[in-house]
Amino acid sequence: MSEQTKGTYYITTPIYYPSSNLHIGHTYCTVMADAMARFKRLSGYDVHFLTGTDEHGQKIQKKADGAGVSPQAFVDDVVSGIKDLWAKMEISYDDFIRTTEPRHVKRVQEIFKKMYDKGDIYKSVYEGLYCTDCEAFWTESQLEDGKCPDCGRPVEKAQEEAYFFRLSEYGDKLLNLYDEHPEFLQPDTRRNEMKAFINQGLEDLCISRTSFDWGIPVPIDEKHVIYVWLDALSNYITALGYPDDPELYQKYWPADVHLVGKEIVRFHSIIWPAMLMSIDEPLPKQVLGHGWLLIDGGKMSKSKGNVVDPVVLIDRYGIDALKYFLLREYTFGQDGVFTNEVMLKRMNYDLANDLGNLVSRTVSMIEKYCSGVIPPAETEDDIDRELRELAIGTASKVEAQMDKFAFNLALEEIWTLVRRANKYVDEKEPWVLAKSEDREDELKTCMHNLAECLRIIAILIYPYMHTTTDKIWENIGLTDEVRWDDAHVFDKLDGQRINKGEVLFPRLDIEKELEELEKLQKTGAAETAEENIPLELKPEIVYDDFDKLDLRVGTILSAEKHPNADKLLVFQVKMGTETRQVISGVAEYFKPEEMVGKNVIVVANLKPRPLRGLESKGMLLFADNGERLEIVTTTAENGNSVN
């Protein structure tokens, strides 16, 4: 690597929630962070790359209870799998922080006390709508169709004594931050979303719970545990030793980049900087919110059963091929659609046809025409000069794109050189040059220039595909260290003996591979089913709780779209002698006219509630089949009770 001369660079991923194994959507974020960390190290920075796991909270406790183990045993098992995955993916993190580690626990308690001593934390009673899966409280106005706006799952009312952070006091400071430092939150769309959120009015943040005990005890009141976001977000500085062992903190903080998914931008760009303002510490330089990998029309989710297991793809195609696809195919900040066919075509066209072919033909020709030894350049014409200039100018173009986290464009710059080198072979026709003794110098120059292009390409792809770099390095007989500065110069090769190895990226039969992947996916789904994984359930109820529900058979007399909400349908439902108005957020699944006349099941004793200006008196029952909702119907007589 290059000599460390350019200063420090601190990059972080989110700390992942170990409620289940990670999927390719999680690996996308970590692969990006790893590529940037490797790029910065190679180009001369002292890098600190942090990842880890967020292990507390009610959801983990419920998962552990369902599995019949302690929460610590549950997370230990899942975290072991995460670390194995990162090892398999050759992720070059410098530290892995777990929020159950003593170093983190004691430091979070110190941060809590600092905020409390400043007067930014107070005790009160919280009553609100709580999403267990997101560990988040919401107001009625923030819900979407009565459900959590982040994950779409039902929320439940919760009331308990809690400690609060005076987040409402920091709204103006955060808006000033965005205006004075627009680079703090990128892309621009995320910043505009956060400004709109703040302008609606920030509420104080609940930062402790008493209804479960799987968390860090509040240092001034141990019947409370610190609520997940104050606990989790602090990892970025507790891992550096803040506040009691500040050597690394003083060296690397503030972070250069927090790389996070767009669904948690709000926590990182509102709550986290407000916390740092409270304890009078510097803010991170930048929060970057990347998009999602979508499959089957939606975000990957284990509960939806649409996740892609990265281990299957790595075992079949190799880690470098998978990393290349993830970084090359998708534009940072935007959502991208994942399909096996898109992945396989990218591997075939870019890796097998372009890069693999260039390496194979270059090494084979040097072996055939130059006795396996890279010759010096003896001549130069316009075509040679054009190739050389493109080769030595590519590194600067890559740097410019990486500074913008435009991984796909950085790789496109590299592949412009790969494709040009392949075209150079066709233009020079070395098989023709080899037939003329008086053109031997031209042939040597051609072989030299191709080898030089391979050397430069190998350096340029190192942050993304370091194993492939090592193989190309061996192919062209190099044993010295890979240095980024060497990508800016030509004519470093002379006399190295090539070592023809195996094909870097064999060409794939796409139809056959699609069939095999489908079989593997079905096998994986079957194995998961055989594991008998406990369902994620709400808290248990007793029979008396269920007996409070009054379920009645009703007939839909009319249905129409809500005048003030595109997602809502307004039903008039007759139950025996009474006709009621019931509103449901199902407009995307059903046309109003197709609902009329159906006999449905109504929760008849549900407390009436206003929905966008109209009152709903009851709830219709629907079932989620994984792709859409199905309304629950019955042949029982109108008005009858359902037992």
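1. Two strands pair if DSSP finds at least two bridges between them. Strand β2 (residues 46-53) and β3 meet that cut-off, with four bridges in the parallel sense. One of the positions involved is Thr51, whose bridge partner in β3 is Phe96. The model is a predicted one, and every value here is computed from it.

2. The overall frame comes next. The protein chain has 643 residues, and 52% of them count as buried. The chain holds 21 helices and 25 strands. Its C-alpha trace spans about 105 × 60 × 45 Å along the principal axes. Take the contacts between residues at least 6 apart in sequence: 75% of these join residues at least 24 apart.

3. The pair β2 and β3 belongs to an open sheet of six strands. The order is β3-β2-β1-β12-β13-β7, and the pairing is parallel. Which strands stand at the edges? They are β3 (95-98) and β7 (185-186). Each has a single partner strand, so one side of each lacks a neighbour in the sheet.

4. A three-stranded open sheet has the order β9-β11-β10, with antiparallel pairing. Its edge strands are β9 (208-209) and β10 (217-218), and each pairs on one side only. β10 and strand β11 (residues 221-226) run antiparallel and are joined by two bridges. Within this pairing, Pro217 stands opposite Val225 of β11.

5. Strand β17 (residues 551-561) has antiparallel pairings with β20 and with β18. With strand β20 (residues 599-603), β17 shares five bridges in the antiparallel sense. Here Val553 stands opposite Ile601 in β20. With strand β18 (residues 569-575), β17 shares six bridges, again antiparallel. In that pairing, Ala559 has Phe571 of β18 as its bridge partner. As background, strands of a sheet pair through backbone hydrogen bonds, either parallel or antiparallel.

6. Now the nonpolar cores. The largest has 111 residues. Those with the most contacts inside this core are Phe405, Phe407, Trp415 and Tyr464. Helix α17 (residues 440-460) gives the most to the core, with 12 residues. A second core is separate and has 66 residues, including Leu143, Phe165, Met194 and Val287. In soluble globular proteins, nonpolar side chains tend to be buried together.

7. Phe407 merits a look in the viewer. Which residues does Phe407 touch, not counting those up to four places away in sequence? They are Met32, Ala35, Met36, Leu327, Phe332, Met402 and Tyr464. Tyr464 is also listed with Phe407 among the residues with the most contacts inside the largest core.

8. Lys444 lies in helix α17. Is Lys444 buried, exposed or partly exposed? The cut-offs matter here: buried means under 20% relative accessible area, and exposed means over 50%. Lys444 has a relative accessibility of 25%, so Lys444 counts as partly exposed. Leaving aside neighbours within four places in sequence, Lys444 is in contact with Pro375, Pro376 and Glu378. Lys444 and Val359 are 85 residues apart in sequence, and their C-alpha atoms are 17 Å apart in space.

9. The second largest pocket has a volume of about 570 Å³. Its lining has 17 residues. Nearest the pocket centre lie Glu144, Pro149, Asp150, Met194 and Phe197. Met194 also appears in the second nonpolar core. By class, the lining has seven nonpolar, three polar and seven charged residues. Helices α6 (188-199) and α10 (265-278) each supply at least two lining residues. α6 gives the most, with five.

10. How many cavities of 30 Å³ or more does a search of the whole structure find? The search finds one. About 40 Å³ of space lies in the largest cavity. Ten is the count of its lining residues, and Gly57, Phe212, Ile226, Tyr227 and Val228 lie nearest its centre. The lining divides into five nonpolar, three polar and two charged residues. Ile226 also falls within the residue range of strand β11 (residues 221-226).

How values were computed: Residues are numbered from 1 along each chain as its sequence is written. This is a predicted model: local features need pLDDT of at least 70, side-chain atom pairs count only at pLDDT 80 or more; totals for chains, interfaces and linings use all residues. Side-chain values use heavy atoms; hydrogens and water are left out. On a 1 Å grid over the protein atoms alone, a cavity is a set of points where a 1.4 Å probe fits but cannot get out, and a pocket is an open set with protein on both sides within 12 Å along at least five of seven lines; lining residues have an atom within 4 Å of a point. Grid points are joined across faces, edges and corners, and a volume is the space filled by probe spheres set on the points. Ala, Val, Leu, Ile, Met, Phe, Trp, Tyr, Cys and Pro count as nonpolar, Asp, Glu, Lys and Arg as charged, and the others, Gly among them, as polar. A nonpolar core is a set of buried Ala, Val, Leu, Ile, Met, Phe, Trp, Tyr and Cys residues joined through side-chain atoms within 4.5 Å. Buried means under 20% relative accessible area, exposed over 50%, partly exposed in between (1.4 Å probe, protein chains only). Contact means heavy atoms within 4.5 Å.
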